Amino acid sequence: MCAAATFENRALYVHIPFCQGICAYCDFTRVRYHAGLADQYLTQLARELEERVPCKGMETVYIGGGTPTALSLDQLRRLLDLLQPYLQGAAEVTIEANPEAISTELIE
Ligand SMILES: C[S@@+](CC[C@H](N)C(=O)[O-])C[C@H]1O[C@@H](n2cnc3c(N)ncnc32)[C@H](O)[C@@H]1O
Ligand code: SF4
């Protein structure tokens with residue numbers, strides 16, 4: 001289900017504020033990864049998308065952070081599932097990743 005309100009912006013940025021470690025110099029909104037907190041965050045994100053972001057085709061979807069790949073594989077699947085309506089027809093979809101966390105399973 002998607003929001004019905006008029007929404008002109010066709011670029012969606014989704015912030016995933018979790019990291020495996022915290023870099024002292026970093027000014028971005030981020031906390032150390034905690035599985036329960038990340039589950040709650042995804043639940044709230046789903047609610048906000050449903051209430052505020054209509055499913056009109058996005059030109060770009062950018063998933064940043066934080067470090068989105070700090071999420072568990074199940075949480076990443078959940079994130080991509082709830083973003084699915086916004087990915088249809090997008091010219092560009094980006095997700096930030098920590099090279100140390102990359103695996104074939106993760107990429108798939
Ligand atoms: C916020 S991180 C997100 C992606 C991922 N967690 C990472 O560290 O690459 C994106 C980039 O912002 C840079 N960055 C973080 N805090 C910064 C700051 N205060 N000034 C300049 N660059 C910063 C990081 O070095 C990193 O290359
Ligand atoms: S967002 Fe990137 S730079 Fe900032 S604390 Fe996390 S890993 Fe470090």
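Colleague: In which helix is Y86 found?
Modeller: A word first: this model is predicted. Follow the chain to residues 73-87, which form a helix with a bend at D81. Y86 is found in that element, helix 2.

Colleague: Is Y86 buried or exposed?
Modeller: Buried takes a relative accessible area under 20%. Y86 has 2%. Y86 therefore counts as buried.

Colleague: Which backbone oxygen does the side chain of Y86 reach?
Modeller: Y86 is buried, yet its side chain has a polar partner in the backbone. The distance is 2.8 Å, and the partner is the backbone oxygen of V53.

Colleague: By how many Å are the C-alpha atoms of Y86 and T67 separated?
Modeller: T67 lies in the loop between strand 4 and helix 2. Along the chain, T67 and Y86 are 19 residues apart. Their C-alpha atoms are separated by 20 Å.

Colleague: Where does helix 2 bend?
Modeller: Helix 2 covers residues 73-87, and its bend is about 30 degrees. A proline, P85, follows the bend within four residues. The bend sits at D81.

Colleague: Which residues of helix 2 are buried?
Modeller: Cover for them includes strand 1 (11-16), helix 1 (35-52), strand 4 (60-65), strand 5 (92-95) and helix 3 (104-107). Y86 is one of the buried residues. The full list is Q75, L76, L79, L82, L83, Y86 and L87.

Colleague: Which residues of the largest nonpolar core touch the most other members?
Modeller: This core has 21 residues. Strand 1, helix 1, strand 4 and helix 2 each supply at least two of its residues. Helix 2 gives the largest share, 6 residues. The members with the most contacts to others are L12, L49, L79 and L83.

Colleague: Which residue with a positive phi follows helix 2?
Modeller: Most residues other than glycine have a negative phi. The residue after helix 2 is a glycine with phi near 80 degrees, G89.

Colleague: Which residues are joined by a cis peptide bond?
Modeller: Most peptide bonds are trans. Here is a cis one, with omega about 25 degrees. One of its two residues is placed in the loop between strand 4 and helix 2. The pair is G65 and G66.

Colleague: Which residues are around ligand 1?
Modeller: Three of them can be placed through polar pairs with nitrogen of the ligand. Y25 offers a backbone N or O atom at 3.1 Å, D27 a side-chain N or O atom at 3.1 Å, and G66 a polar backbone atom at 3.0 Å. The full set is Y25, C26, D27, F28, G65, G66, T67 and E96.

Colleague: What share of the accessible area of ligand 1 does the protein cover?
Modeller: On its own, ligand 1 has 540 Å² of accessible area. The share covered by the protein is 51%.

Colleague: Is F28 buried or exposed?
Modeller: F28 is found in the loop between strand 2 (18-19) and strand 3 (31-32). The C-alpha atoms of F28 and G66 are separated by 7.0 Å, though the two are 38 residues apart along the chain. Exposed takes over 50% relative accessible area. With 53%, F28 is therefore exposed.

Colleague: Which residues does T67 touch, not counting residues up to four places away in sequence?
Modeller: T67 counts as buried because its relative accessibility is 18%. The residues it touches are I16, F18, C19 and N98.

Colleague: Which backbone nitrogen does the side chain of T69 reach?
Modeller: T69 is placed in the loop between strand 4 and helix 2. At 11% relative accessibility, T69 counts as buried. Leaving aside neighbours within four places in sequence, its contacts are L76, E96, A97, N98, A101 and L106. At 3.0 Å, its side chain reaches the backbone nitrogen of N98.

Colleague: Which residue has its backbone oxygen 2.5 Å from a polar side-chain atom of Y41?
Modeller: Y41 lies in helix 1, and it counts as partly exposed because its relative accessibility is 28%. Beyond four places in sequence, Y41 is in contact with H15, I16, P17 and F18. The backbone oxygen in question belongs to H15.

Methods. Residues numbered from 1 in each chain as written. Chains lettered and ligands numbered in written order. Predicted model: local features only at pLDDT ≥ 70, side-chain atom pairs only at ≥ 80, totals over all residues. Heavy atoms only, no water. Bend = angle between axes of the 7 residues up to and from the residue. Buried < 20%, exposed > 50% of the residue type's maximum accessible area, 1.4 Å probe, protein only. Contact = heavy atoms within 4.5 Å. Core = buried A, V, L, I, M, F, W, Y, C linked by side-chain atoms within 4.5 Å. Polar contact = N/O pair within 3.5 Å; in protein donor to acceptor, adjacent residues only side chain to side chain. Near = heavy atom within 4 Å. Areas by Shrake-Rupley, 256 points an atom, 1.4 Å probe, with all protein chains shown as cover.
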